[in-house]
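Subject: A structure for you to look at

Hello,

Here is the structure I promised to pass on to you. Please open it and keep it on screen while you read, and my notes on what turned up in it follow below.

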Amino acid sequence: MASDYEMLIAQIKSLANISSDAIPVMANASSLLFYNLPEINWAGFYMVNGEELILGPFQGRLACVSIKKGRGVCGTAFYKDEVQLVPDVHDFPGHIACDAASNSEIVIPLHDKNGTIKAVLDIDSPVKNRFSIEDLGGLVQFAYTLEQIIEKW
Ligand code: SME
């Protein structure tokens with residue numbers, strides 16, 4: 001299903017004129033994604049805290065508060081510093097089921113201006129194979145925009 005990522009990117013850029021601190025940018029980004037992407041049940045961030053991720057701003061049901069590096073989809077994205085596109089979470093070894101409704105997900109690492117990983121963007125869907133190559137491209141662009149916008153982590 002095609003989403004208007006250009007519109008979402010323009011919106012998050014205009015909100016960033018008001019604040020470029022990580023928390024408000026990520027809070028509004030999770031709301032923008034959650035309310036504009038069809039067929040998703042969670043959109044938000046986990047923040048790097050030493051060797052683990054801790055829950056950041058999100059929209060959706062209650063979620064795990066901390067995730068060890070290398071655990072689940074988010075922990076793997078953190079450990080490998082690589083985007084994880086998972087068509088069926090039940091096939092992903094060690095997947096953490098915060099919400100039993102989730103069936104597919106995408107996780108994208110975010111970096112500061114020095115290239116250090118600071119957070120991951122996690123979007124979950126109740127639909128298997130929810131995220132197409134177009135979604136992957138649009139969301140990577142969206143995440144890249146956040147990296148450009150955020151001045152203070
Ligand atoms: N699905 C994630 C856990 C976080 S929640 O689903 C919000 C994972 O396996 O990393």
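Helix H3 gives the largest share of the shell around the ligand, with three residues. Please keep in mind that this is a predicted model. H3 covers residues 72–80, and it is joined by strand S1 (42–49) and strand S6 (117–125) as elements that each supply at least two residues of that shell.

If you would like to click through the shell, the residues around the ligand are Trp42, Tyr46, Ala63, Gly72, Val73, Cys74, His95, Ile96, Cys98, Glu105, Asp122 and Asp124. How many of them are nonpolar, polar and charged? The shell divides into seven nonpolar residues, two polar ones and three charged ones.

Some of these neighbours also have polar atoms facing polar atoms of the ligand at short range, so to speak, and here are the distances to look for:

- Cys74: a backbone N or O atom of this residue lies 2.7 Å from a ligand oxygen.
- Ile96: a polar backbone atom here is 3.0 Å from an oxygen atom of the ligand.
- His95: an N or O atom in the side chain is 3.5 Å from a nitrogen atom of the ligand.How much of the ligand does the protein cover? On its own the ligand has 310 Å² of accessible area, and the protein covers 99% of that. The space that the ligand takes up is also the largest cavity.

Now for some places outside the shell. Ser31 sits in helix H2, which runs over residues 22–36. With a relative accessible area of 25%, Ser31 falls between the cut-offs of 20% and 50%, so Ser31 is partly exposed. You can also use Ser31 to practise with the distance tool: its C-alpha atom is 9.9 Å from that of Trp42, and the two residues are eleven apart along the chain.

Next come two residues with a backbone angle worth a look. Glu39 is placed in the loop between H2 and S1. Phi of Glu39 is near 55°, which is a positive value in a residue other than glycine. Is Glu39 buried, exposed or partly exposed? Its relative accessibility is 39%, so Glu39 counts as partly exposed.

Asn129 also has a positive phi, of about 60°, although it is not a glycine. You will find Asn129 in the loop between S6 and helix H4 (133–149). Asn129 is exposed because its relative accessible area, 58%, is over 50%.

Another asparagine, Asn103, belongs to the loop between strand S4 (84–86) and strand S5 (104–111). Is Asn103 buried or exposed? Asn103 has a relative accessible area of 18%, which is under 20%, so it is buried. The side chain of Asn103 reaches the backbone oxygen of Pro126 at 2.8 Å.

The last stop is Lys113, in the loop between S5 and S6. At 52% relative accessibility, Lys113 is over the 50% cut-off and therefore counts as exposed. From C-alpha to C-alpha, Lys113 and Lys69 are 22 Å apart in space, with their positions 44 residues apart in sequence.

Have fun exploring, and write back with any questions.

Best wishes

Methods: Residues are numbered from 1 along each chain as its sequence is written. This is a predicted model: local features need pLDDT of at least 70, side-chain atom pairs count only at pLDDT 80 or more; totals for chains, interfaces and linings use all residues. Side-chain values use heavy atoms; hydrogens and water are left out. Helices (H or I, at least four residues) and strands (E, at least two) are DSSP runs, numbered from the N terminus. Buried means under 20% relative accessible area, exposed over 50%, partly exposed in between (1.4 Å probe, protein chains only). A residue is near a molecule or strand if one of its heavy atoms lies within 4 Å of it. A polar contact is a pair of N or O atoms within 3.5 Å; within protein, one must be able to donate a hydrogen and the other to accept it, and residues adjacent in sequence count only if both atoms are side-chain atoms. Accessible areas come from the Shrake-Rupley method with a 1.4 Å probe; for residues, only the protein chains shown count as cover. On a 1 Å grid over the protein atoms alone, a cavity is a set of points where a 1.4 Å probe fits but cannot get out, and a pocket is an open set with protein on both sides within 12 Å along at least five of seven lines; lining residues have an atom within 4 Å of a point. A molecule sits in a cavity or pocket if more than half of its atoms lie within 2 Å of its grid points. Ala, Val, Leu, Ile, Met, Phe, Trp, Tyr, Cys and Pro count as nonpolar, Asp, Glu, Lys and Arg as charged, and the others, Gly among them, as polar.
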